[in-house]
Amino acid sequence: MRIVHLDTVGSTNDWIAAAAARAEPDGTWVRADRQTEGRGRRGRAWTSEPGNLFASTLVRPQMGEAAPHQLSFIAALALFDMAERYVARERLSLKWPNDLLLDGIKCAGILVEGRGARDQPITIVGIGVNLSHHPDDTERPATSFPAQGIAAPDPAEAAERLAASFAVRRADWRDSGFATIRSAWLARTAHKVGDPLEARLANRTVSGAFAGLGPDGALQLDRDGDITRIDAADVFPAR
């Protein structure tokens with residue numbers, strides 16, 4: 001496991017994409033103090049203040065690994081493991097598909113991107129954590145460790161712990177399958193069965209009650225007794 005540290009990059013995901021083109025090995029990580037073009041899901045800008053954690057890793061498919069979208073769950077569990085070193089477990093939770101919550105408020109996000117040629121695919125997993133600062137202009141509230149009364153962890157130390165946990169969780173996924181990851185994620189989720197949720201897809205919004213995860217990680221919503229499968233969406237508590 002190698003973590004490259006840089007002062008400034010456009011985005012850590014793009015740096016990893018370039019590293020993959022240079023034949024850097026599976027498991028390469030990069031951490032930057034600052035991003036000038038940080039982004040989240042669906043191209044949203046990701047505020048990149050120094051003192052926060054901005055890191056990405058290169059995943060080349062390995063024998064025994066399933067669909068790459070499941071890496072978002074591996075990353076979420078690794079995030080939870082890292083944050084638990086600084087925060088009481090009961091203050092942390094996971095929101096489908098890719099957020100870590102602190103006291104019920106988003107403090108970290110994950111961006112999983114598929115890249116590479118068809119015969120040599122790669123996946124880039126990017127992670128941003130509000131260790132020191134958080135934006136005030138997001139659609140839904142965001143927070144940081146200090147805003148919740150917690151001393152800001154050192155980004156370098158947090159990155160080391162994150163990368164180590166990601167390797168362990170990924171090995172569990174490879175060796176035992178997604179069922180183990182799914183169970184661990186469900187044990188840490190903010191969603192309770194029956195909670196009303198709103199899933200915003202690209203062209204419509206689907207509302208229903210949380211009914212768990214499918215065997216592949218898809219969100220399941222109960223809509224008057226009919227279970228609707230959601231593969232990708234922004235999910236919020238129903239208003």
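**Exercise 1. Classify arginine 170 and its salt-bridge partner.**

Arginine 170 has 6% relative accessibility, so it counts as buried. The cut-offs are: buried under 20% relative accessible area, exposed over 50%, partly exposed in between (1.4 Å probe, protein chains only). This is a predicted model: local features need pLDDT of at least 70, side-chain atom pairs count only at pLDDT 80 or more, and totals for chains, interfaces and linings use all residues. Residues are numbered from 1 along each chain as its sequence is written, and side-chain values use heavy atoms, with hydrogens and water left out.

Solution.
1. Find the partner. Aspartate 26 forms a salt bridge with arginine 170, with the closest N and O atoms 3.0 Å apart. A salt bridge is a side-chain nitrogen of Lys or Arg within 4 Å of a carboxyl oxygen of Asp or Glu.
2. Place both. Aspartate 26 lies in the loop between helix 1 (12-21) and strand 2 (28-35), and arginine 170 in helix 3 (residues 155-176), 144 residues apart. Helices (H or I, at least four residues) and strands (E, at least two) are DSSP runs, numbered from the N terminus.
3. Classify the partner. Aspartate 26 is partly exposed, at 28%.

**Exercise 2. Compare two aspartates with positive phi.**

Solution.
1. Recall the rule. Most residues other than glycine have a negative phi.
2. Check the angles. Phi is near 55 degrees in aspartate 103 and about 55 degrees in aspartate 224.
3. Locate them. Aspartate 103 is in the loop between strand 5 and strand 6 (105-117). Aspartate 224 is in the loop between strand 10 (219-223) and strand 11 (226-230).
4. Classify them. Aspartate 103 is partly exposed at 33%, whereas aspartate 224 is exposed at 84%.
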